[in-house]
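Take a look at the structure below. Then follow this short walk through some of its aromatic residues and its chain contact.

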Amino acid sequence: MHKKFMYTFETTIYDMKNSQLYKGSLTTIIMKLLEENGRMYGYEITQKVKLITKGELNITEGALYPALHKLEADGLLDVEVERVDNRLRKYYKLTESGEKETVNRLNELEEFIRNMQNLVNPSPKPDVQF
Amino acid sequence: MYNFKHFKKEKDMSKLTTHQIGFISKYLKNSGVQYTDIRYEMTDHVAAALEEMDGDFYDNFTQYMLLHKKELLESNKQFSRIARNNAFKLVFYNFIRSRGLLILALFFNIGLLLILYTDTAAVIDFYQVSYSVLFIIMGVAYLKMNLFKTEKIWSGTDKLLGTFMSFMYLLTIIVKVDKFTDTEPLLVLYYSVLMSLIIAVFISYRQLTKKYNLQFNG
């Protein structure tokens, strides 16, 4: 498929069928990526998420940058600006408190996934089996 | 006669030229992305996306903007809101920290001393005039930034001055303090708080300007 038409399908903040499910996890996703990759710039983050999720999750500018700026305002991200390819590029990386907060948020997310899994696929109770 | 069209090499779309980057930036500015810091980041995002596309730059740009312009402008609105909230937090922080409280205490105590040893009405007038002068200075700084748009406009500094100009103007119009009280120490306290707040705004403005210059100008 011509690369030009790749963007035809990238019109929603997230995949429409699961947008609300991902919405609350965006900052955790961003922080996790930065923890793994050191420093990243905005477009790089969107492409990485798309790659990891095989195109299932597309984060748009309207969702990503406000989240990044909020994290920066909260002191969880630091910023470095460099001149790259005829323009200025803003890189984000975790601060010390950001690294600690990432661990907390990932633990919360794991617990959430565990609880949801128990709710959606409860394990059968032995005393109720026929 | 050769048809040179066959020999025309497709422009290498891997890196955009300075002219193309400038085109993107100008387009965003004309679309309402007035703040320099926000525009830098958006330009980079758009440029990075276009660099992954084959074909003519202008065709790709048109295609990209058809699909993403709404999102870009939406994020611009949110940036502005975040910048305003950050400005409020910074001013509040500068107002309540020790330096801010010291300035407030200084204004208040000087006022009280002047009341004890000079004409009370003159002291209140002096404080009113001092507050007005500081307010005008803040207004001039804001107008300079917006009317003479030769300098870069940073979202944080613009929101800081604009928001507090409006806030303090409304406060002065709505809260006519001399109608509520004629107790001189309270009046001195009121104007001392206002002047300390403006000083906190100036301190915050300097801090933000320094931060933006360090980040974007090296």
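Tyr131(B) is buried, because its relative accessible area is 5% and the cut-off for buried is under 20%. Keep in mind that this is a predicted model. Phe135(B) is buried too, with a relative accessible area of 17%. Where do Tyr131(B) and Phe135(B) lie? Both belong to helix H5 of chain B, which spans residues 120-147. They are 4 residues apart, about one turn of the helix.

Now turn to the aromatic pairs. A search of the whole structure finds 17 of them over all chains. One is formed by Phe23(B) and Tyr58(B). Their ring centres lie 5.1 Å apart, and the planes meet at 90°. That makes the pair edge-to-face. Phe23(B) sits in helix H1 of chain B, residues 18-30. Tyr58(B) sits in helix H3 of chain B, residues 57-96. The two are 35 residues apart, and the pair links distant parts of the chain.

Are these two rings buried or exposed? Neither word fits. Phe23(B) counts as partly exposed because its relative accessibility is 30%. Tyr58(B) has 38% relative accessibility, so this residue also counts as partly exposed. Tyr131(B) and Phe135(B) form an aromatic pair as well. Here the centres are 6.2 Å apart, with 45° between the planes, and the pair is tilted.

Some rings gather in a group. Phe23(B) and Tyr58(B) join Tyr27(B), Phe57(B) and Phe61(B) in one aromatic cluster.

Next comes the place where the two chains touch. How many residues does each chain bring to the contact? Chain A gives 33 residues and chain B gives 33 residues. The size of an interface is often given as the accessible area lost when the parts come together. For chain A and chain B, the buried area is about 3,100 Å². Carbon and sulfur atoms give 56% of that area.

Charged and polar groups also meet across this interface. There are 5 salt bridges between chain A and chain B. In one of them, Lys15(B) pairs with Asp85(A), and the closest N and O atoms are 3.4 Å apart. The interface also has 15 residue pairs in polar contact.

Which elements of chain A take part? Helix H3 (42-52), helix H4 (61-73), strand E2 (77-84) and strand E3 (87-94) of chain A each supply at least two residues to the side that touches chain B. H4(A) gives the most, with 9 residues. By class, this side of chain A has 12 nonpolar, 10 polar and 11 charged residues.

How values were computed:
Residues numbered from 1 in each chain as written. Chains lettered and ligands numbered in written order. Predicted model: local features only at pLDDT ≥ 70, side-chain atom pairs only at ≥ 80, totals over all residues. Heavy atoms only, no water. Contact = heavy atoms within 4.5 Å. Buried area = accessible area lost by both parts, 1.4 Å probe. Salt bridge = Lys/Arg side-chain N within 4 Å of Asp/Glu carboxyl O. Polar contact = N/O pair within 3.5 Å; in protein donor to acceptor, adjacent residues only side chain to side chain. Nonpolar A, V, L, I, M, F, W, Y, C, P; charged D, E, K, R; others polar. Phe/Tyr/Trp six-rings, centres within 6.5 Å; stacked < 30°, edge-to-face > 60°. Buried < 20%, exposed > 50% of the residue type's maximum accessible area, 1.4 Å probe, protein only.
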